[in-house]
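Trainee: Could we go through this structure together? I have not seen it before.
Mentor: Certainly; let us have it in view and begin with how far it can be trusted.

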Amino acid sequence: LASCVASAGAAEVGTPVNSELNAWARHNDDAARPALVLRPKYGLGNRMLSAISALALAVATDRRLFVEWEHPFEDLFISPFPAGWLQPAAELADLATSRRWHRPQTLDLTASSPTFSSIAAGLVCQGASVVLGGAAVVEVSSDQYFLPLLLIHDDSRARLAALLGEADSG
């Protein structure tokens, strides 16, 4: 999955190398689609692994992705997608005041969270679509690489395989 968003010579910066993923990304600014907001935690490595996992979760559940980078990390990355998904905290706050974001579902996937085990079990046993449900907005806090959990359940694995190819998702 990381190779799909890398811009290392395979594509122009800001363009995913996989055409299926690019098609998904072009709709990231569609306000009618449900959203996933990632608030990555702790060090740079934890944040990057959480971001890759959140990208997979957004793809698997057909959600828009927003990543809220906190200082000093917000200037380290450029968006690999045409629609901006690396949102400054102020812009996310504006979005959060909209009616659709009145009561977001929150998932705490940090290692120290008392809910981590039950959320992880839900992703494995029920699938990402069931865990996220029909919430218009899901806010995820994470310091974990949870992408492997998405590859266990058939619904998430099938969606990721369709977009990324079997070799990248398995």
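**Confidence and fold**

Mentor: Over residues 1-17 the pLDDT stays under 50, and the model has 35 contacts beyond four places in sequence for that stretch. Please keep in mind that this is a predicted model.

Trainee: What should I do with places where pLDDT is low?
Mentor: Where pLDDT is low, the predicted coordinates should not be read in detail.

Trainee: Where in the protein chain is confidence lowest, and where is it highest?
Mentor: The lowest is helix H1, residues 2-5, with a mean of 36. Helix H5, residues 116-125, is the highest, at 93. For the protein chain the mean pLDDT is 75, and 61% of the residues reach 70 or more.

Trainee: How many helices and strands are there in the protein chain?
Mentor: The chain has 9 helices and 4 strands. Along the sequence they follow the pattern α-α-β-α-β-α-β-α-α-β-α-α-α.

Trainee: In what order do the strands lie in the sheet?
Mentor: The order is S2-S1-S4-S3, in an open sheet of 4 strands with parallel pairing. Strand S2 (64-67) and strand S3 (105-109) are the edge strands, each pairing on one side only. On average, neighbouring strands are turned by 20° against each other, direction ignored.

Trainee: How many bridges join S1 to S2?
Mentor: Strand S1, residues 35-40, is joined to S2 by 4 bridges, and the two run parallel. Leucine 38, for instance, has valine 67 in S2 as its bridge partner.

Trainee: Which strands does H3 touch?
Mentor: H3 packs on the sheet and touches S1, S2 and strand S4 (137-142). The direction of H3 makes about 170° with that of S1.

Trainee: Is H3 mostly covered or mostly uncovered?
Mentor: Mostly covered, with 12 of its 17 residues buried. Among them are Arg47, Ser50, Ile52, Leu55, Leu57 and Val59.

Trainee: Why does the 24 Å between the end C-alpha atoms of H3 agree with its 17 residues?
Mentor: Helix H3 covers residues 44-60, and at 1.5 Å a residue its expected span is 24 Å, so the distance between its end C-alpha atoms agrees.

Trainee: What comes just after H3?
Mentor: Aspartate 62 is found there, with a positive phi of about 50°.

Trainee: Changing topic, how much of the whole chain is buried?
Mentor: Buried residues make up 46% of the 170 in the protein chain. The chain exposes about 8,200 Å², of which carbon and sulfur atoms supply 56%.

Trainee: And what share of the contacts with a separation of 6 or more comes from residues 24 or more positions apart?
Mentor: Such residues account for 76% of those contacts in the protein chain.

Definitions and conventions. Residues are numbered from 1 along each chain as its sequence is written. This is a predicted model: local features need pLDDT of at least 70, side-chain atom pairs count only at pLDDT 80 or more; totals for chains, interfaces and linings use all residues. Side-chain values use heavy atoms; hydrogens and water are left out. The expected span of a helix is 1.5 Å times one less than its number of residues. Buried means under 20% relative accessible area, exposed over 50%, partly exposed in between (1.4 Å probe, protein chains only). Contact means heavy atoms within 4.5 Å. Accessible areas come from the Shrake-Rupley method with a 1.4 Å probe; for residues, only the protein chains shown count as cover. Two strands pair if DSSP finds at least two bridges between them. Axes are lines fitted to C-alpha atoms, for helices over the stretch in contact, and angles run from 0 to 180 degrees between N-to-C directions. pLDDT is the predictor's confidence in each residue, from 0 to 100.
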